[in-house]
Amino acid sequence: MYKSPTVFHCFIIIINSFLLLSGCVSATKHEDTGIYELNNGHFSVKLTNWGATIVSVFLPDKNGKVEDVVLGYDSIDTYKNDSTYFGAIVGRVANRIGGAKFTLNGTSYKLHANEKGNILHGGTPGFSDVVWKVKKYEKDCESPCITFTYHSFDGEQGFPGDLKVMVTYSLVGNYKLRVKMEAKSLNKATPVNLAQHTYWNLGGHNSGDVLSQKIKIFGSHITPTDDELIPTGKIVSVKGTPYDFLKPYTIKSKIGGLPDGYDINYVLDGEKGKKMNVVAVVWDDKSGRSMKLTTDAPGVQFYTGNYVKDVKGKGGYVYEAHAGLCLETQGFPDAVNHRNFPSQIVNPGEIYKHNMLFSFSIKDRKDLGSI
């Protein structure tokens, strides 16, 4: 039965309309959300248009047992209250901008700080906390795919200009997941740095920590940070430090030299001008699963879930520190405040592009050198 609105309800409607027009809240908050599956035999990926998020990735182990290898939740509502960025696309500018401010073309911009006076992963709400539209969903084909889009308005979290954003997830070949991110600046120059923030545990999301897993990172330099994880502007070698994974090591063999764990941007090696370079290879001895990541981005944030604590995840399993690892390919953090870092500025009419390819293998082998 329809119930006519009271004066109070009308007042609330007027206020909400004003907030939407003024850019104080996102108009996409009230759109429908859903779970979408891409399936290719024994390999399947589940996603939601809340935050363009990877919810699950199912892979067999060396004995044929299929398990979910990413951290996450059982319901979309739980993702809406998440503070870990499980599986989401983060932006408009991923990672941190020091002091939540920058100057571009002579204009100073003050952003909406959400971490110790700095801005992290685009602010609150960032791209991880809005509903994306489903532009295309093809599941009954050789390469199942889904495309999400989002319109970021001029002034959202303090960033200049309207930005049209698109991300496509697709299964290509056996055990390969491709992520294609694009963004077009419509009317003002603006920084753009999108990242995919999945927490991986190749032993299974509920298998404990990732410290016994091996990793090789194809980055011989890092961008060191201060106590608030803001880059100093320097670029230094990993040689002789706990950050040296130029050869495969277990995470636990190196992490003891750090107070909390890994949360650092690596400057990726690789041939300049090459479209895609290898970022890292991760290997789990017990399950036989390995993951190789390639990208066309200049950097990758290696994060070992240091601040995950008592997070109730899928099936009621409780995630703790180091329950998963993130490999967030990206532009360098705080690049808008460091001229020696690769520029992230996208001018009107230009298109930002960022590609990733996750290639999984299931083999009873302990040698990473040939991967």
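This report describes the fold, the empty spaces and four residues of one protein chain, working from a predicted model.

## The chain as a whole

The protein chain holds 371 residues, and 53% of them are buried. Its secondary structure consists of 3 helices and 28 strands. When contacts between residues at least 6 apart in sequence are taken, 66% of them join residues at least 24 apart.

## Pocket and cavities

Rolling a probe the size of a water molecule over the atoms shows where empty space is left. The largest pocket has a volume of about 850 Å³. Its lining is made up of 39 residues, and the closest to the centre are Arg96, Leu229, Asp263, Tyr303 and Tyr307. Strand 20 and strand 23 (299-303) are the elements that give two or more residues to this lining. Sorted by class, the lining of the largest pocket has 16 nonpolar, 11 polar and 12 charged residues.

There are also 2 cavities of 30 Å³ or more. The table sets out their volumes and the classes of their lining residues.

| Cavity | Volume | Nonpolar | Polar | Charged |
|---|---|---|---|---|
| Largest cavity | about 40 Å³ | 4 residues | 5 residues | 2 residues |
| Second largest cavity | about 30 Å³ | 3 residues | 5 residues | 2 residues |

Which residues line the largest cavity? They are Asn95, Arg96, Thr223, Thr225, Leu229, Pro231, Asp263, Ile264, Asn265, Gln301 and Pro333. Strand 20 (residues 263-267) provides the largest share of this lining, with 3 residues. Arg96, Leu229 and Asp263 are among the residues that line the largest cavity, and these three are also listed among the residues closest to the centre of the largest pocket.

The second largest cavity is lined by Gly91, Arg92, Gly122, Pro125, Gly126, Phe127, Ser152, Glu156, Gln157 and Phe159.

## Residues in the UniProt record

An unreviewed UniProt entry gives the feature "binding site" at Asn95, Arg96, His197, Thr198, Tyr199 and Asp263. Of these residues, Asn95, Arg96 and Asp263 belong to the lining of the largest cavity. Two residues from the record, Arg96 and Thr198, are described next.

Arginine 96 is part of strand 6 (residues 96-97). Is arginine 96 buried or exposed? Its relative accessibility is 7%, so arginine 96 counts as buried, the cut-off being under 20%. Beyond its neighbours within four places in sequence, arginine 96 is in contact with Glu115, Ile119, Leu120, Glu228, Leu229, Ile230, Asp263, Pro333 and Asp334. With one of these, glutamate 115, the arginine 96 side chain makes a polar contact of 2.7 Å, side chain to side chain. Among the other contacts of arginine 96 are Leu229, Asp263 and Pro333, which also appear in the lining of the largest cavity.

Threonine 198 sits in the loop between strand 15 (195-197) and strand 16 (214-217). Its relative accessible area is 1%, and threonine 198 is therefore buried. Leaving out neighbours within four places in sequence, the contacts of threonine 198 are Ile54, Val70, Gly87, Leu325 and Cys326. The side chain of threonine 198 is also joined to that of glutamine 196 by a polar contact of 2.8 Å.

## Two further residues

Lysine 314 is found in the loop between strand 24 (311-312) and strand 25 (318-319). With a relative accessibility of 7%, lysine 314 counts as buried. Apart from neighbours within four places in sequence, lysine 314 is in contact with Val55, Ser56, Asp68, Val70, Leu71, Gly72, Tyr73, Asp74, His205 and Tyr319. One of these residues, serine 56, has a side chain joined to that of lysine 314 by a polar contact of 3.3 Å. Val70 is a contact of lysine 314 and is also listed for threonine 198.

Valine 134 belongs to strand 10 (residues 133-138). At 31% relative accessibility, valine 134 counts as partly exposed. How far apart in space are valine 134 and asparagine 49? They are 6.9 Å apart, C-alpha to C-alpha, while in sequence they are 85 residues apart. Asparagine 49 is one of the residues that valine 134 touches, together with Tyr36, Ile146, Thr147 and Phe148, when residues up to four places away in sequence are not counted.

Note on methods. Residues numbered from 1 in each chain as written. Predicted model: local features only at pLDDT ≥ 70, side-chain atom pairs only at ≥ 80, totals over all residues. Heavy atoms only, no water. UniProt positions renumbered as here; feature names shortened; annotations may be inferred. 1 Å grid on protein atoms, 1.4 Å probe; cavity = no way out; pocket = protein on both sides within 12 Å on 5 of 7 lines; lining within 4 Å. Helix = DSSP H or I, 4+ residues; strand = E, 2+ residues; numbered from the N terminus. Buried < 20%, exposed > 50% of the residue type's maximum accessible area, 1.4 Å probe, protein only. Contact = heavy atoms within 4.5 Å. Polar contact = N/O pair within 3.5 Å; in protein donor to acceptor, adjacent residues only side chain to side chain. Points joined across faces, edges and corners; volume = space filled by probe spheres on them. Nonpolar A, V, L, I, M, F, W, Y, C, P; charged D, E, K, R; others polar.
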